[in-house]
Amino acid sequence: MKIAIGNDHTATNLKKEIMEYVKSLGHEVINFGTDEYESCHYPEYGKKVGQAVAAGEADCGILICGTGVGISLAANKVKGIRCGVCSDTTTAHLIKEHNNANIIAFGARIVGVEKAKDIVKAYLEAEFMGGRHQVRVDMISKMEE
């Protein structure tokens, strides 16, 4: 699977850890985030990952900023993106099963490295259930029109 990843300056270290972890699971990573530590603007990176996923350049995405909230808001402005913040494995699993989220986000100031790895693993291993959940995802998609 091809996974787009993006981050701001608060998440540079965590992004590097997550990139290596995702690669160790056998996935390809496309880095759209900053590798620097100087203050930068998270909306730029949320947009880049959102556009890559929406265009089919990546199968899904991972976004990281201080809380995960700001960068997820930016990604969700891209048509076709369903991104949510996950601070635990249950949410990470269910966001894929029920909402068919194509991007997850979390906060470098909220979760540590091991918890972030667990969140990513839960998300990547989950599968969309379809059925009644597809109806709801379709309703969300229609809101973009």
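**Figure 1. Val69 in helix α3 and the nonpolar surface patch of this predicted model.** Val69 belongs to helix α3, which covers residues 69-75. With a relative accessibility of 41%, Val69 counts as partly exposed, because that value falls between the 20% limit for buried residues and the 50% limit for exposed ones. On the surface, Val69 joins Leu73 and Val85 in a nonpolar patch. Together, these three residues offer about 230 Å² of accessible area.

**Figure 2. The salt bridge between Lys15 and Asp35.** The structure holds four salt bridges, one of which pairs Lys15 with Asp35. The closest N and O atoms of these two residues are 2.8 Å apart. The pair connects distant parts of the chain, with their positions 20 residues apart in the numbering. Lys15 is located in helix α1 (residues 12-24), whereas Asp35 is located in the loop between β2 (28-31) and α2 (42-54). The two partners may also be viewed by their accessibility. Lys15 is buried, its relative accessible area being 0%, while Asp35 is partly exposed at 39% relative accessibility.

**Figure 3. The salt bridge between Lys23 and Glu20 within helix α1.** Here the side chains of Lys23 and Glu20 meet, with an N to O distance of 3.8 Å. The two residues are three positions apart in helix α1, so about one helical turn separates them. Lys23 has a relative accessible area of 40% and is therefore partly exposed.

**Figure 4. Lys117 in helix α5, with its salt-bridge partner and its contacts.** Lys117 lies in helix α5, which comprises residues 113-125. A salt bridge joins Lys117 to Glu114, with 3.5 Å between the closest N and O atoms. Because the two residues are three places apart in helix α5, about one helical turn lies between them. Glu114 is exposed, with a relative accessible area of 53%, whereas Lys117 is buried, with a value of 17%. The burial of Lys117 follows from the cut-off, because a residue counts as buried when its relative accessible area is under 20%. When residues up to four places away in sequence are left out, Lys117 touches Glu17, Ile18 and Tyr21.

**Figure 5. The cavity and the residues that line it.** A search of the whole structure finds one cavity of 30 Å³ or more. The largest cavity contains about 30 Å³ of space. Its lining includes Gly80, Ile81 and Arg82. Ile140, Ser141 and Glu144 also line this cavity.

How values were computed: Residues are numbered from 1 along each chain as its sequence is written. This is a predicted model: local features need pLDDT of at least 70, side-chain atom pairs count only at pLDDT 80 or more; totals for chains, interfaces and linings use all residues. Side-chain values use heavy atoms; hydrogens and water are left out. Helices (H or I, at least four residues) and strands (E, at least two) are DSSP runs, numbered from the N terminus. Buried means under 20% relative accessible area, exposed over 50%, partly exposed in between (1.4 Å probe, protein chains only). Contact means heavy atoms within 4.5 Å. Patches are made of residues with over 30% relative accessible area and no salt bridge: like charges are joined within 9 Å, nonpolar side chains (Val, Leu, Ile, Met, Phe, Trp, Tyr) within 5 Å. Accessible areas come from the Shrake-Rupley method with a 1.4 Å probe; for residues, only the protein chains shown count as cover. On a 1 Å grid over the protein atoms alone, a cavity is a set of points where a 1.4 Å probe fits but cannot get out, and a pocket is an open set with protein on both sides within 12 Å along at least five of seven lines; lining residues have an atom within 4 Å of a point. Grid points are joined across faces, edges and corners, and a volume is the space filled by probe spheres set on the points.
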